[in-house]
Amino acid sequence: MSRGLAVGIDVGGTKIAAGVVDQHGHVLASRRTATPSDSSDELVEAVVGLVESLRTDHAVEAVGLSVAAFVDRDRARAVTAPNLAWRDVPLRDLVSSRTGLPAVVENDGNAAAWGERTFGAGRGVDDLLLVAVGTGVGGGIVLGGELRRGGHGMAAEIGHVTLVPDGRPCGCGRRGCLEQYASGSALVAAAPPDTDGPMLAELAQSGDAGAVRLFEELGTHLGVGLASLVAVLDPEVIVLGGGVAEVGDLLLTPARTALLAELPGGPERPAPRLVPALLGNTAGLVGAAHLALMERA
Ligand SMILES: [Zn+2]
């Protein structure tokens, strides 16, 4: 087993969260800082600073980085990141040489999928799809008990599955992507002006019909998209995470209904269970730390 302690680090668009994680997935200590937006040097500096500060009190043996970026197949380089200041940065080697610790770099959706699979809602499940609905829509795929990264390390970009041909333009350069209909950004875009995501969640939870309907529409789009993914991957469980999913059944119920209605093969076909994520916003950090411990072992 993967014993010992690792620092897991979640590098997001606005903040970097870091934690000391043990082999049971427990976070023993944590720190966070704002994500520097100017240069990759500053980003690496911030990451190294968090590791050094956490290891003063804990015998850390490895570093796992979960990054909102395309990561190469060797899990060494952050190839490109729409929301971060790096292009083709050899992150693994930079962090490793500065800290003297082995490091792994993982895409944030993959890391979260591994975290939920190992310690969360997908524990013990070998065939699992993680869907993270936040500002965008991300994901991770575990098949046969292993994280599937694809031929170039870029699998599971499920936010960019086409949902509506010739639909809304997407930041990826195409049109009609799932992310343009089933993300937090899409939710806010469809809401009255000056309403943000947390406000909408609060309104929906208090029974506001307009807000409930927006989550229903989002959930329905999500369920339709997931049905296509189920046709390809046939997961046993779909774990629904991300900030938007924290509204729970307001999103899960319409997503489940649409998924079942759209499932290829009809009602006789065994359906995956659609369940809420358990690890919240620590899934990526914990998953990356566990991957780092496995790698080191
Ligand atoms: Zn797209």
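This passage describes a helix, a buried loop residue and a small sheet of strands in a predicted model. Residues are numbered from 1 along each chain as its sequence is written. Because the model is predicted, local features need pLDDT of at least 70 and side-chain atom pairs count only at pLDDT 80 or more, whereas totals for chains, interfaces and linings use all residues.

Helices (DSSP runs of H or I, at least four residues) and strands (runs of E, at least two) are numbered from the N terminus. Helix 6, spanning residues 209-233, comprises 25 residues and reaches 35 Å from its first C-alpha to its last, close to the 36 Å expected when 1.5 Å is multiplied by one less than the number of residues. Aspartate 234, just after helix 6, takes a positive phi of about 45°.

Valine 244 is placed in the loop between strand 12 (237-241) and helix 7 (249-262). Valine 244 counts as buried because it has 28 C-beta neighbours inside 10 Å, the cut-off for burial being 20 or more other C-beta atoms within 10 Å, with 12 or fewer for exposed, partly exposed in between, and C-beta atoms placed from the backbone. Beyond its neighbours within four places in sequence, valine 244 is in contact (C-beta atoms, placed from the backbone, within 7 Å) with Val133, Gly134, Gly184, Leu187, Gly197 and Leu251. The C-alpha atoms of valine 244 and glycine 134 are separated by 5.4 Å, although the two residues are 110 residues apart along the chain.

An open sheet of three strands has the order 5-6-7 with antiparallel pairing, where pairing requires at least two DSSP bridges between two strands. Strand 5 (70-71) and strand 7 (87-89) each have a single partner strand, so one side of each is left without a neighbour in the sheet. Strand 5 is joined to strand 6 (residues 78-80) by two bridges, and valine 71 has alanine 78 of strand 6 as its bridge partner.

Methods. Two residues are in contact if their C-beta atoms, placed from the backbone, lie within 7 Å.
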